[in-house]
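Work through the exercises below with the coordinates open, and attempt each task before reading its solution.

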Amino acid sequence: MSSALAIFLGGYPHPVRELFLEAQFLLERELPGSHQELDIPAKMLAFSYGPGYKGMVCVLLPSQRGVKLSFSKGAELSNKHGLLEGAGKKTRYVELSSSLLKKPELLELIRNAKLFHEMTSGS
């Protein structure tokens with residue numbers, strides 16, 4: 001873990017830090033070659049395959065009570081397992097838990113987000 005990430009996570013309760021790091025590890029595995037960018041003012045860690053919002057696939061958003069995984073094009077993803085929440089024009093999110101990180105439904109959602117990004121971004 002980078003020192004910037006350690007400092008960033010230092011203000012959150014231990015269970016939130018643990019969950020955040022578990023989710024980060026999962027996303028590193030499921031989004032190979034993605035670039036991670038820590039945005040401290042926005043309180044998020046972005047995973048992207050190109051610059052700016054257009055290249056972003058998802059972000060991890062810690063809070064004092066938990067961690068959300070938000071998909072930049074989540075409104076366009078299938079929600080057949082009912083994991084996605086929110087009503088934004090573009091984004092949708094999933095409230096994470098340690099048990100959810102192990103479920104195939106979440107892995108399918110992450111893989112679909114990556115595939116959708118590849119299909120719509122030309123990369």
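**Exercise 1.** In this predicted model, ring pairs link Phe8, Tyr12 and Phe20 into a cluster. Determine how the rings of Phe8 and Tyr12 are arranged, and then treat Phe8 and Phe20 in the same way.

*Solution.* A search of the whole structure returns two aromatic pairs. For Phe8 and Tyr12, the ring centres are 5.9 Å apart and the planes meet at 65 degrees; since planes over 60 degrees apart count as edge-to-face, the pair is edge-to-face. Phe8 and Phe20 also form an edge-to-face pair, with 6.3 Å centre to centre and 65 degrees between the planes. This second pair links distant parts of the chain, for Phe8 belongs to helix 1 (residues 3-9) and Phe20 to helix 2, twelve residues apart.

**Exercise 2.** Are Phe8, Tyr12 and Phe20 buried or exposed?

*Solution.* The cut-off needed here is that buried means under 20% relative accessible area. Phe8 has 9% and is therefore buried; Tyr12, at 10%, counts as buried; and Phe20, at 0%, counts as buried too.

**Exercise 3.** Describe the surroundings of Glu30, beginning with its place in the fold and ending with its side chain.

*Solution.* Glu30 lies in helix 2, which spans residues 14-30. Its relative accessibility is 10%, so Glu30 counts as buried. Once neighbours within four places in sequence are set aside, Glu30 is in contact with Leu107, Ile110, Arg111 and Lys114. With Arg111 there is, in addition, a polar contact between the two side chains, at 2.6 Å.

**Exercise 4.** Which residue lies over the face of Tyr93?

*Solution.* Lys68 does, at 4.2 Å from the ring centre.

Conventions. Residues numbered from 1 in each chain as written. Predicted model: local features only at pLDDT ≥ 70, side-chain atom pairs only at ≥ 80, totals over all residues. Heavy atoms only, no water. Helix = DSSP H or I, 4+ residues; strand = E, 2+ residues; numbered from the N terminus. Buried < 20%, exposed > 50% of the residue type's maximum accessible area, 1.4 Å probe, protein only. Polar contact = N/O pair within 3.5 Å; in protein donor to acceptor, adjacent residues only side chain to side chain. Contact = heavy atoms within 4.5 Å. Phe/Tyr/Trp six-rings, centres within 6.5 Å; stacked < 30°, edge-to-face > 60°. Lys NZ or Arg CZ within 6 Å of the ring centre and 35° of its normal.
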